[in-house]
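Work through the following exercises with the sequence and the coordinates at hand. Each task is followed by its solution.

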Amino acid sequence: MFWLLLRQLTKRFRQEFSEEIRSSVSSLPLPVLEDLSEALLDFTSVADLQAWLEVRS
């Protein structure tokens, strides 16, 4: 699931993500990854992703 979310985020923002972000996403438990899969639909910038991760890390 981790790799699928990274692919979706990469496509949405048209950029590769830093190792820090990839590491943050990969360390999330499955229920939180599922939440991210829905939340990413509302993100308008990478800053939204970073803020979301900060709250859940």
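## Exercise 1: two phenylalanines

Both F13 and F17 are buried in this predicted model.

Task: classify the aromatic pair of F13 and F17.

Solution. A pair of aromatic rings is described by the distance of the centres and the angle of the planes. Rings pair if their centres lie within 6.5 Å, and for F13 and F17 the centres are 6.4 Å apart. Planes over 60 degrees apart count as edge-to-face. The planes of F13 and F17 make an angle of 85°, so the pair is edge-to-face. By this rule, the count for the protein is 2 aromatic pairs.

## Exercise 2: fold and compactness

Task: state which elements the protein has, and compare its radius of gyration with the globule rule.

Solution. The secondary structure consists of 4 helices and 0 strands. Read from the N terminus, the order is α-α-α-α. The radius of gyration is 10 Å, close to the 10 Å that the globule rule gives for 57 residues, so the protein is as compact as a globular protein of that length. Along the principal axes, the C-alpha atoms fill a box of roughly 25 × 20 × 15 Å.

## Exercise 3: contacts, burial and surface

Task: describe the contacts, the burial and the exposed area of the protein.

Solution. Take contacts between residues at least 6 apart in sequence: 66% of them join residues at least 24 apart. Of the 57 residues, 33% count as buried. The exposed area is about 4000 Å², with 50% supplied by carbon and sulfur atoms.

Methods: Residues numbered from 1 in each chain as written. Predicted model: local features only at pLDDT ≥ 70, side-chain atom pairs only at ≥ 80, totals over all residues. Heavy atoms only, no water. Helix = DSSP H or I, 4+ residues; strand = E, 2+ residues; numbered from the N terminus. Rg over C-alpha atoms; globule rule 2.2 N^0.38 Å. Buried < 20%, exposed > 50% of the residue type's maximum accessible area, 1.4 Å probe, protein only. Contact = heavy atoms within 4.5 Å. Areas by Shrake-Rupley, 256 points an atom, 1.4 Å probe, with all protein chains shown as cover. Phe/Tyr/Trp six-rings, centres within 6.5 Å; stacked < 30°, edge-to-face > 60°.
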